[in-house]
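Biologist: Please take me through this model and justify each term as you apply it. I will ask what stands behind the labels.

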Amino acid sequence: GRKVPQRALFNAAEADYMLFNYQFANGDISFGRMKQTWGAFSNNSLFLSNMGPSYDGFRGNLNYHNFNLRFFHAYLETVGNKRINIHRYLAGHMLDFNIKNFYLTIGETILYAGENRPFSISYSIPLMSFIESDVNHRYNQYKNDMDNSFIFLGLEYRNPAKLRITINYLIDDIQIDSKDRKNIPDNTAFSASVQIPSSHLGLFQIYKFQYDRVGTWTYR
């Protein structure tokens, strides 16, 4: 029969969503197995879509006045053989700020892996900069460890009539030195969309137009 996958010494269920959720006055937190769309705005994600496979981990959401902090940390899988085991993880955090009809977002995500790599405390702290942690780790890097961090920025305009104009920009890597720029392009992605409500009852009530551009080396 099929071998049952294991996570943290327990058998993992083959379910898309199986989690514990705790809600409080200013947010909620979930633990378990889940999917989610992750990015500046859920309908325009450049990083993670809920069309992919489920994973085990936790996610949270905190609200304070016009600010909203979201974060997650997940265990993806182990890849390897009898000699080595490469553990792979995924984490992210983002901060939204609302001014009237405008929503601003800045966030980071990171994919990290390594031979028998343990869970990273620094990548699980929502207020810790992933780039700073990544740089610090590179100076103390073990063999076969791989960390790839991203920064994303988002701006969205919304009005009560459901008109939405959205711009998202993701940075995987930008070449600072001119000698590197000649050989390696910037690793970026860009998305822009307009969602327009229909003024009449027809086949469609909302029309959406979207443009996406993803650099060749982005998501390495």
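Modeller: Start with the elements: helices are DSSP runs of H or I with at least four residues, strands are runs of E with at least two, and both are numbered from the N terminus. This is a predicted model, in which local features need pLDDT of at least 70 and side-chain atom pairs pLDDT 80 or more, while totals for chains, interfaces and linings use all residues. Residues are numbered from 1 along each chain as its sequence is written, and side-chain values use heavy atoms, with hydrogens and water left out.

Biologist: How many helices and strands does the chain have, and in what pattern do they follow one another?

Modeller: There are two helices and twelve strands. Along the sequence they read β-β-β-β-β-β-β-β-α-β-β-α-β-β.

Biologist: What makes strands S5 and S6 a pair?

Modeller: Pairing requires at least two bridges found by DSSP between the strands. Strand S5 (residues 55–64) and strand S6 (residues 67–80) are joined by nine bridges, so they count as paired, and they run antiparallel. Phe58 has His73 of S6 opposite it. The two strands form a hairpin with two residues between them, and His65 in that turn has a positive phi of about 55°.

Biologist: How many bridges join S6 to strand S7, and how many residues lie between the two?

Modeller: S6 and S7 (residues 85–99) are antiparallel and share 13 bridges. One of the partnerships is Tyr75 with Tyr89 in S7. This hairpin has four residues between its strands. Further along, strand S9 (residues 146–158) pairs antiparallel with strand S10 (residues 164–173) over eight bridges. There, Leu153 has Tyr169 of S10 as its bridge partner.

Biologist: Which strands make up the sheet, and is it open or closed?

Modeller: The sheet is open and has ten strands in the order S3-S4-S5-S6-S7-S8-S9-S10-S11-S12, with antiparallel pairing. Strand S3 (18–24) and strand S12 (206–214) are the edges: each has a single partner strand, so one side of each lacks a neighbour in the sheet. From one strand to the next the twist averages 10°, where angles run from 0 to 180 degrees between N-to-C directions and axes are lines fitted to C-alpha atoms, for helices over the stretch in contact.

Biologist: Why is the contact of Asp96 with Arg70 called a salt bridge?

Modeller: A salt bridge needs a side-chain nitrogen of Lys or Arg within 4 Å of a carboxyl oxygen of Asp or Glu. For Asp96 and Arg70 the N to O distance is 2.5 Å, so the pair qualifies. Asp96 is in strand S7 and Arg70 in strand S6, 26 residues apart, and the pair links distant parts of the chain. The structure holds seven salt bridges.

Biologist: How do you know whether Asp96 is buried or exposed?

Modeller: Relative accessible area under 20% is buried, over 50% exposed, and in between partly exposed (1.4 Å probe, protein chains only). Asp96 has 12%, so Asp96 is buried. Arg70, at 22%, is partly exposed.

Biologist: Which parts of the chain are tied together by Arg117 and Asp147?

Modeller: Their side chains form a salt bridge with an N to O distance of 3.0 Å. Arg117 belongs to the loop between strand S8 (102–115) and helix H1 (130–139), and Asp147 to strand S9, so the pair ties together parts 30 residues apart in sequence. Arg117 is buried at 7%, and Asp147 is buried at 9%.

Biologist: Which residues does the salt-bridge network with Glu156 join?

Modeller: Glu156 and Arg158 meet in a salt bridge at 2.5 Å, N to O. Glu156 is buried at 2% relative accessibility, whereas Arg158 is partly exposed at 23%. Through shared partners, salt bridges join Glu156, Arg158 and Arg164 into one network.

Biologist: What makes the nonpolar surface patch, and of what area is it?

Modeller: Patch residues have over 30% relative accessible area and no salt bridge; nonpolar side chains (Val, Leu, Ile, Met, Phe, Trp, Tyr) are joined within 5 Å, like charges within 9 Å. Tyr64, Phe67, Leu95, Ile106 and Leu153 make a nonpolar patch of about 480 Å². Tyr64 lies in strand S5 and, at 57% relative accessibility, is exposed.

Biologist: What share of the chain is buried, and what area does the chain expose?

Modeller: Of the 220 residues, 35% are buried. The chain exposes about 14100 Å², of which carbon and sulfur atoms supply 59%; accessible areas come from the Shrake-Rupley method with a 1.4 Å probe, and for residues only the protein chains shown count as cover.

Biologist: What share of the contacts joins residues at least 24 apart?

Modeller: A contact means heavy atoms within 4.5 Å. Among contacts between residues at least 6 apart in sequence, 49% join residues at least 24 apart.
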